[in-house]
Each structure stands twice: as structure tokens, then as C-alpha cells.
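Hi everyone, thanks for coming. I'd like to walk you through one structure today, so please have a look at it before I start talking.

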Amino acid sequence: MDSSSGEPISSVLIFNKTQTETILTNNLGKFDLDIFKKNDSIFFSHVSYEPKSVLFKDLNDNVVFYLDPKMVGLDEVVLSVGRKEQSLRYISRKVSLISSKEILSNVNKTGADVLYEAGGVHIQKSQSGGGSPVIRGFEANRVLLVIDGVRMNNTIYRSGHLQNSITVDPNYLERIEVLYGPSSVSYGSDAIGGVIHYFTKIPEFSNEKNFEFKKKRSYNLTNKSKIRNYQLTTSNKKWGLFSSLSISDYGDIIMGKNRKHGYDDWGLVNQFSENNRENFIENPSENTDPNIQRNTAYDQKDFITKINLKLKNQSNLILNFQISKSSKINRFDKLSELDSTQNLKFAEWYYGPQKRIMASSILNLSPSNIFDKGRFIVSYQAIGESRHNRKFGSEILYNQNERLDVYSINGDFSKNMYEKLEMLYGFEYTNNLLFSDSNSAIIDTSNPSVFLSEDQSFSRYPNDKATHSALAGYFKYLKKINNYSNLNFGLRLSYNKVNVGWDFNSDEFLNNDLNSTFLNQFESLSLKNLSLTGSFGYVTRIYENNKVSINLSSGFRSPNIDDIGKIRENAGILLIPNTTVKPEKAYTIDFGWTNFSDKFNSALNIYYTVLDGTIGRDFFYDSTDTTTNDMSTIIYQNDEVYTMSTYNLGQSEVYGFNYKIYVNFFKNVDFTSNLTYTKGTKLNSKNPMPSIPPVFGDFKLTWNYASNKLVLAYKFSKNKSPDTYSIGGEDGLEETPYFINSDGNIEYLGMPKWAIFNLTSTHKIKIFKKLIDLNFSVENIFDIHYKQFASGISSHGRNFNISAFFN
């Protein structure tokens, strides 16, 4: 058993002094004593645990032997840096690991919320069913999400905020690895701020027939959220199967009542909309408890099945099927938006059910002359998204629907060329097929689920064709110079192609008075580009447990359909395509220092990034249009509107540091801390970059005893002044406190600082011979009111959670 968690430990190697007799523990941690003799000394060995020994005479059929976990050290193995296993000892970049134990100790958390455990990751939320990770000041389509080797980022990942990480269920995860900084050599486009790689559980083979069924119940006593999870694992010598089903129901978020920031009304919800597909309510309703953020509840179902099949020699095939589907998710920040009369603007504003289906197969190959390890990953993803909104005083519901099919194939290989030289190489091909439509529907006010009429309207993306494909090849050399130092070098060449087209003879264009002469130039467009990226890293180990590293890397983000595939008018500005835009590229230098010892660990990472060719929006000038005298405006639907498009807008810089510390005060008492600082500026205009969080971090005090664990955590964020917010609105300055100045104008004050305490306890107990994991947590103990930077929703106040996980 694990001495800290009480979990059974499988694959422990048990042997006698002469190693003539050896045996491995099974999935329940059990092994057979019969192979040993009465005078033997028995030794226990496992890569993750301290070695121990015992005399045979001290063992019997009922004894439970506890092994102490090793501290995470330089020999910890990560899977994501080179798309293969590598020891932290040789890695020149910052990587964080979130283990399955850390994931499961986060009660009632989503696939976005658990990322806080990595340190240095900020999460933005516009609604309860959201979570947009920010790494080193980069967000959305500048951070790459990957699950089981398959990229989740697709051609409609936008530059604002994204909520796709919530489609990953923490209950089926084995681990999460976070790579900080450009990682395009291994992962291609979008890996500028970093990579978040989710690894789901893999069913292992077993010498004996194995069958396990587990259930988990989680409950939030404050807002009545509940999660039910069911897991099935079965295996034998030739195959293994793992399945998991989660049914999650999240209640309305209740904000904290302790307003230490001094703003008595900030964030309060005094009125809300009760409109939905079953009810038509003409006016906003009064909220009897303004601390309850109405319309933040939603539910979600997540399912996975993985089958591991043993093939000939050392090869195996893993079949992987995942599906995630949510209910509608209300856009809370839009439902809180006020019109000029200070009344709610929108009666409805919600994302339709978010769907993600993935089917993939991983073929791990037997060694050959050209590789020692090799694998192919073939995958298909079906993505469904939609947006729906209706204003108060209107009976017209606007609906936008997107369906995306994504196909991909990866090949990753490694070969030891000489004793101290290893080469990694591979390829990737992806193809995105996008289908987009839109309509405006007049609802029946007596039965809002019925539409009296539907008319086609302008789709969010091209209505005729929209495809995006990419082909890339890469290699990396890993060189061990001597026992104390090593270096790595890699290159990747990527080709991207985007095709978009509009049918201007379709109803949505013919039924409106458009400037067809101007628009015809965008009827069929194509964008093609090549990107070469590289990386170089050097590591030296001073004494046994110190590592100093430097890493030079470049990353890129190729323009996708969301960048160039829109013809849309909003607030007097017409957004139009531009296929001359080029990939934006990031160039980063990292310096890292890591120290590991029995009682003290620390890690410092300092970085500086230049983002060249920053993609953003600017005015579009057309000298051929004669409908107005201004080259930046045209007549569109009988109104003069400005034209804007996507361009490369020069350089930006982002720099900062992350410091992490671990101290073992006593045998069972640990202290950990994380601190992150980020600064970003657009060099041409000297304006702040978007998505730059203020200084944030946490402190944790952990007590372990046998199968009990108690964690007291202190999480904090400094304030962010209004002059450090981006001018494009991405940071949500309007979500911060404000006052009316002497001229009668609103002045926003920026996000106040905040700090909260959380308490979590974990216990392993037996009830009626059943082993049960119990988790209790009290979050935000002092009921502090706060908002995360750039978020449109107040965070949870004091809330109580309980979960039970039993076999």
C-alpha cells in the first residue's frame, strides 16, 4: 500500500537477496509468498517509491506493507515534451505535472479548474460552464490543448476566450502535463504560450483476470451541484478495457458576501432573465438574493471507453472513444449587460449544447531497424457549437450553428543513433471541414419552443466552403555530452492551407441590401504558408540534485478560418477577410534553475518572448469602392460602415518568471508555494498586451498520516490597474468596479486584489469491508467576494464539498 494515500500499488518488484526469485504485485497490490524461503530477506522496489526490505518471517497472508512515495525529483518521467518518455533530468524547459491523485482531490472541478494545480496557469471565466487557460500571458488560440496525443485546437479557435477545456472530464484522467513556452517543434501551430496535454487512463494487461467497478459521488452542499461517476476496468493477458461515465449537474454560483475590497454593489445580480424555450417573460425579474448568480447552472455528460489490445511481439493497439455533451450554457456576462436605460439588454444569450466526439486509435509498433519506438495515431473529431441570443422587447431569436469535422494522423518515432545520441522524428497531417449556418426565428410567445417563421441570416463563417489543412514534419536530436550535461536541437517545417468561399446568391445575401460589387472580391479565397520553427536547449547538472538549463525556442500560429473567414457587421464595423496575413511567430529564451533534496525543492524559471507579426485587426482601405469618399468605409445595408480586417500588426513582448518551492518541515508536514509574474506590451503602440494577469500564486501546508491527508491552501492575486488593461476589450475592464466622475462619465478602477483560504481533507476508510475514499473541502473559508482577472462572473463564495469514491 501507498503509505500516504492507502492506495494499492501495482507492479512492485519483490525479490530475494540473490534475485533468484522475483514477482510483481497485481492491480490490488497483492503478491504470492510461496516462491520465497523461510530464511529469505524480501526486497521491495518501485520507480515511484522508496525501496524497503523485510524478513520473510515477518510476513504473513494478512500483513499490509506500506511503501513511502519518492519525492518528485529529477528522475520523474514526462511524456509530452518530445512526444515520448523523457526524464526531467534531461529536459531544458519548464514542465509541470498534475497527478491523478491531485486531480481527484479537486472535488467538483472541471477540466479547466484542475489546471490551477500546475502553477503558473490562470483561468478566465465568462460563465460557469467556462474556463480559458492563460499561460505566460497567452490564451485561447495561442495555447494548444492536446488529449492523448490528438490536438483539440481547431480552425475556429478564436483569440478571445475559450471554454473547450471543460469537455475533458477529470475523472478519467491519469495525468496532465503543462509545457510552458513555445512548443511548435513537437506540436505545430498554436503552441506559443504553451501546451496543455491531457492523458487519459490506459487499461493495463494482467496475468490474472481482473474486474473492477468503481463509483464516485460528489456533492456541493452550498449550491447543490452533484457529480456521479462510474468506472469499469477489466483485463487479462491479451487485452484490457477501461470505461468511465460522468453525469454532472452544476448549480447556480453563489458569490461571497465578505466584500473586503470595499465595493458594496460590485457584482451583485439585482435582476435576471427567466426566459428560456419554455417561458416567455416580457421584462427582467427581480433577484430576491443578489448574491446568487442566476442562470449559471448547467449540466454535462462525459463518457470514455479505451480498449488496449496486445498484438505480436511488443506492439499493441489502443482504441479510444470519447464523447462530451453539455446542456445549454448561458453567457452570464452578456445576460448581465445593461442597455442605455440601465435595464438588462438580453432576454436570452446562451451557447447551445457543446458537443465533442473523438474516436482515435494508437498503434504502438515493435522495434525495427529505423526506430526503437514508434507509433501512429489516427483520429476523428466531431465538434458542435452554437450561439443564440434575443433582446428584451424583441421576439426574434438569432441562431448561429457550427459543425466541424477534424481528421488527423500522427507518426512519432525515436531511434538511438549512438550510445549518447537519440533522434526523434515524425509527421502530422490534419484536415478541418467546417459547416456554418445561421437563422433568425420569430418565437411564439405563448409557446417559445415553437418558431412562427425562420429566415436565413448571415452565418458566422463562410456559407459555401471552409476547409483548413496542415502537413508537417519534425525532428529532434538529444545528445548526452557527459554524465553532467546534455543538449537538444530540433526543427519543424509546417505547411498550412485555408480555403474559404461565400455564395452571394444565397438567400441571406439576396434578402438584404448589400454592396455586392464590393463583396464579390471575397467570393473564393485561399491562404497558403510555410513555417519553419526550431528549438535548442542545454542542461547541466551541478552535483547530483541541481539542474541549470537554458532553452531557445520558436513557435508559430498560422491564421485559421476564425481569423480570415468572416464577413460580419457589428456596431458600425464590417469585418472582412484578408488572405495576405502571415503566421505570427514567437521567439523565447528561457532560463531555469532547479534544486532537489530530501527536505527542500525549488525551481525558478525566467523567460522573455517576442511575438513577431502579432495578428490583430485594423482598418481595411479599398480604393475601388465608390459608394463613399472615405476608403475605410462603404455603404452596407443602406448604412455607412467602417471596414476592418485581420493584419500582422508588428511586434509584442512578454516576459516574467515563475518560482516554485517545496519544504518538508517534518516527516508528515510539507509546504509548497507558487508565484507567477507576467508583463506584456505591444512594442509599436506601447499599449498593454491582452490576457496579462496580475501577480498570482498560492501557498499550501499539507499534513499526511497513513491514509489521511489535510491541506490548507492560501490562493491570492494582486490588483490590476485600469491603465494595464488592453484597449481592445479582451480583458473585460467593464467587469471591474467603477465610479462616475465630475463630468458624468464612467471611470473603471481595474480588478481589486483578493486572497482566499481553502481546506481539504482526504481519508481512506473501510465500511462493511469496502474501501472508500472520502474527500471533504471548504473553499473560500472566509466567504470573500472576488473575481478572477478578465472574468465576467464572480467566483464561488464559501462552499462545502464532499465526495466518496468506492470500489
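I'll go through the cores, then the cavities, and then a few sheets, a hairpin and a loop.

One thing to keep in mind throughout: this is a predicted model.

Let's begin with the nonpolar cores. The largest one has 44 residues, and the members that touch the most other members are Val121, Ile176, Val178, Ile196 and Tyr198. Which elements give two or more residues to this core? They are strand 8 (121-124), strand 11 (143-147), strand 13 (173-180), strand 14 (194-200), strand 17 (239-250), strand 22 (298-310), strand 26 (355-365) and strand 38 (600-612). Strand 13 gives the most, with four residues. As background, nonpolar side chains in soluble globular proteins tend to be buried together.

Let me stay with Tyr198 for a moment. If we leave aside its neighbours within four places in sequence, Tyr198 is in contact with a list of residues that includes Leu115, Val146, Ile147, Val168, Leu173 and Ile176. Gly111, Asp148, Ser165 and Arg175 are in contact with Tyr198 too. Apart from the largest core lies another one, of 28 residues, and among them you'll find Ile156, Tyr461, Val498 and Leu574.

Now for the empty space. How many cavities of 30 Å³ or more are there? The count comes to seven. The largest cavity holds about 270 Å³ of space. Its lining is made up of 23 residues, and those nearest its centre are Arg151, Ser189, Thr430, Ala470 and Asn496. At least two lining residues come from each of strand 29 (421-444), strand 31 (465-480), strand 32 (485-501) and strand 34 (546-557).

On to the sheets, starting at low residue numbers. Here we have an open sheet of four strands in the order 2-1-3-4, and the pairing is antiparallel. Strand 2 (22-24) and strand 4 (49-55) are at the edges with a single partner strand each, so one side of each has no neighbour in the sheet. From one strand to the next, the twist averages 20 degrees. Strand 3 (residues 41-46) is joined to strand 4 by five bridges, and one pair to look for is His46 with its bridge partner Tyr49 in strand 4.

Another open sheet has three strands, in the order 8-9-10, again with antiparallel pairing. Why does one side of strand 8 and of strand 10 (138-139) lack a neighbour in the sheet? Both stand at the edges and have a single partner strand each, so one side is left free of a neighbour there. Strand 9 (residues 132-135) and strand 10 are joined by two bridges, and Val134 has Glu139 as its bridge partner in strand 10.

Further along the chain, strand 40 (residues 633-636) and strand 41 (residues 639-648) pair antiparallel over four bridges. Ile634 stands opposite Val641 there. The two strands form a hairpin with two residues between them, and Gln637 in the turn has a positive phi of about 55 degrees.

My last stop is Ala297, in the loop between strand 21 (292-293) and strand 22. Is Ala297 buried or partly exposed? With a relative accessible area of 33%, Ala297 is partly exposed. Ala297 and Tyr250 are 47 residues apart in sequence, yet their C-alpha atoms are 5.3 Å apart in space. Beyond its neighbours within four places in sequence, Ala297 is in contact with Tyr250, Gly251 and Asp252.

That's my tour, and I'm happy to go back to any part of it.

Terms used: Residues numbered from 1 in each chain as written. Predicted model: local features only at pLDDT ≥ 70, side-chain atom pairs only at ≥ 80, totals over all residues. Heavy atoms only, no water. Core = buried A, V, L, I, M, F, W, Y, C linked by side-chain atoms within 4.5 Å. Buried < 20%, exposed > 50% of the residue type's maximum accessible area, 1.4 Å probe, protein only. Contact = heavy atoms within 4.5 Å. Pairing = 2+ DSSP bridges. Axes fitted to C-alpha atoms, helices over the stretch in contact; angles between N-to-C directions. 1 Å grid on protein atoms, 1.4 Å probe; cavity = no way out; pocket = protein on both sides within 12 Å on 5 of 7 lines; lining within 4 Å. Points joined across faces, edges and corners; volume = space filled by probe spheres on them.
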